[in-house]
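I opened the model today and kept notes as I went. The entries below follow the order in which I looked things up.

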Amino acid sequence: MPTTARSAPSAGPSPAPGAGVRRGPDHTPRDHDRPDVLTLEEVLARDPGDVRVLTGDRPTGPLHVGHLFGTLAMRVALQRHGVETFVVVADYQVVTDRDDAGDLPATVREVVLDQLAAGLDPETTTVFVHSDVPAVHQLMLPFLSLVSVAELDRNPTVKAELAASGRGLSALLLTYPVHQAADILSVRGTLVPVGRDQLPHLELTRTIVRRFDRRYGPVLTEPSALLSQAPLVLGTDGAKMSKSRGNAIELRADADATAAAVRGARTDAGRTITYDPAGRPEVSNLLLLGALASGRTPQALADEMADGGAAALKAYVTDALVAHLAPLRARRAELARDPFVVRDVLTRGAARAAQEADATLADVRRAMRQTS
Ligand code: TRP
């Protein structure tokens, strides 16, 4: 029998992420009492009128199932709760770790189609492109005056991204966290859904607010982080699923491409199927995907699949994913047929974001006595 006797309470993902979120492995007790780091549960218990969300993505490629079960599910849950949400497509930040941004307008369009297909409603959620809102970037200048180079140099996430880029440290990468603070504060975001790796940027944003406050007066509000409890979804090569690694199952893919990606996913030589994320990451990731797509737990799926082997598991995962993604993909295809949908969403988004960012910039400059 396949019992690896792993009855360890699955620290894994909840089957319906964004629905009833528990504290996952990502949420250590250390964060538990920090008022600046909240869980979705805590946010959903609050009055939606008390929070404004700002979050974003760098448009480095189309979104994939890892995003769907993680950040996109969270965004849709917040939207459903009635929280006003701004989503920035951070096109200026694509070249922080590469020279070639590719066909950026095309990638921006794909990312926006993915967001809309996943359920973001442009009537209530503002989606805007960085470069459409100049005041965001103008705000970065006063903010740069509030932080030291030494401080930026110590940022652990910048260090990690520097190492991953295999390049020298550009001033754009060094100041990336300040740019992100400008994104957040320009629209007066008070809640920022992010992964753990982004917490240092949030900390810097809060520092900027406190320093501005001390020097010039109370104009800005310190935002809190909403720690995403997204399950870590691996790609077909066993590394973290990533837009730029070529290991993703894209939301825009069709059923055949999805089947091919799953078929090619790495597994191991074990003959039975067991859920053991630490010991058998690839097989466990297939179980996770199958579970997320079918609303079950990976453990339950493992028990059912025990003697079927990898081929049967892959067939299950393919069917579950294709069925789960079908409505999203149908919606996406329909949106993509209209050449004006994305353009209109972004035009309206830019106007709404600029309204906020222009006002924030004016308040900031007035407090600094740069204008009368
Ligand atoms: N830095 C984020 C990432 O790499 C993307 C991002 C840009 C962002 N601006 C933001 C996230 C503002 C939250 C808030 O994933």
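**Entry 1: the ligand shell**

How do the residues of the shell around the ligand divide into nonpolar, polar and charged? I counted six nonpolar, five polar and three charged. I note here that this is a predicted model.

Next I listed who sits there. The ligand has 14 residues around it, and T55, G56, A90, Q180 and D183 come nearest. I then asked which elements give two or more residues to this shell. They are β2 (52–57), α9 (176–186) and β5 (191–194). Of the elements, β2 gives the most, with four residues.

**Entry 2: the whole chain**

I stepped back to the overall fold. The protein chain has 15 helices and six strands. Its C-alpha trace spans about 75 × 50 × 45 Å along the principal axes.

Does the radius of gyration agree with a compact globule or disagree? It agrees: for 372 residues a compact globule would come near 21 Å, and the chain has 21 Å.

I also checked burial. Of the 372 residues, 41% are buried. Then I looked at contacts with a separation of 6 or more. Residues 24 or more positions apart account for 77% of them.

**Entry 3: two domains**

The domain assignment splits the chain into domain 1 (29–233 + 339–367) and domain 2 (255–337). Domain 1 is thus written as two segments. The domain centres, taken over C-alpha atoms, are separated by 31 Å.

How many residues does each domain bring to the contact? Domain 1 brings nine residues and domain 2 brings ten. On the side of domain 1 that touches domain 2, α3 and α4 (104–117) each supply at least two residues. The largest share of that side is from α4, with three residues. I sorted that side of domain 1 by class: nine nonpolar, no polar and no charged residues.

**Entry 4: helix α11**

I picked α11, which covers residues 255–263. Which of its residues are buried? I found T258, A261 and V262. These three lie on the same side of α11, because they cover an arc of only 95° around the axis. As a reminder to myself, an α-helix has 3.6 residues a turn, so residues three or four places apart point the same way.

I then turned to the face away from the buried side of α11. That face carries D256 and A257, both exposed. Last, I asked what the buried residues of α11 pack against. Their partner is α14 (309–337).

**Entry 5: two single residues**

M74 came up while I was looking at α3, the helix of residues 65–81 that holds it. Is M74 buried or exposed? M74 has 22 other C-beta atoms within 10 Å, so it is buried; the cut-off for that is 20 or more. I also took a distance from M74 to A225. They are 151 residues apart in sequence and 13 Å apart in space, C-alpha to C-alpha.

L44 was my other pick, and it lies in α2 (residues 40–44). I found 17 other C-beta atoms within 10 Å of L44, so it is partly exposed. From L44 to A293 the C-alpha to C-alpha distance is 24 Å, with their positions 249 residues apart in sequence counted as 249 apart.

Terms used:
Residues numbered from 1 in each chain as written. Predicted model: local features only at pLDDT ≥ 70, side-chain atom pairs only at ≥ 80, totals over all residues. Rg over C-alpha atoms; globule rule 2.2 N^0.38 Å. Buried ≥ 20, exposed ≤ 12 C-beta atoms within 10 Å, placed from the backbone. Contact = placed C-beta atoms within 7 Å. Near = placed C-beta within 6 Å. Nonpolar A, V, L, I, M, F, W, Y, C, P; charged D, E, K, R; others polar. Arc of directions from axis to C-beta. Domains from an automatic or database assignment.
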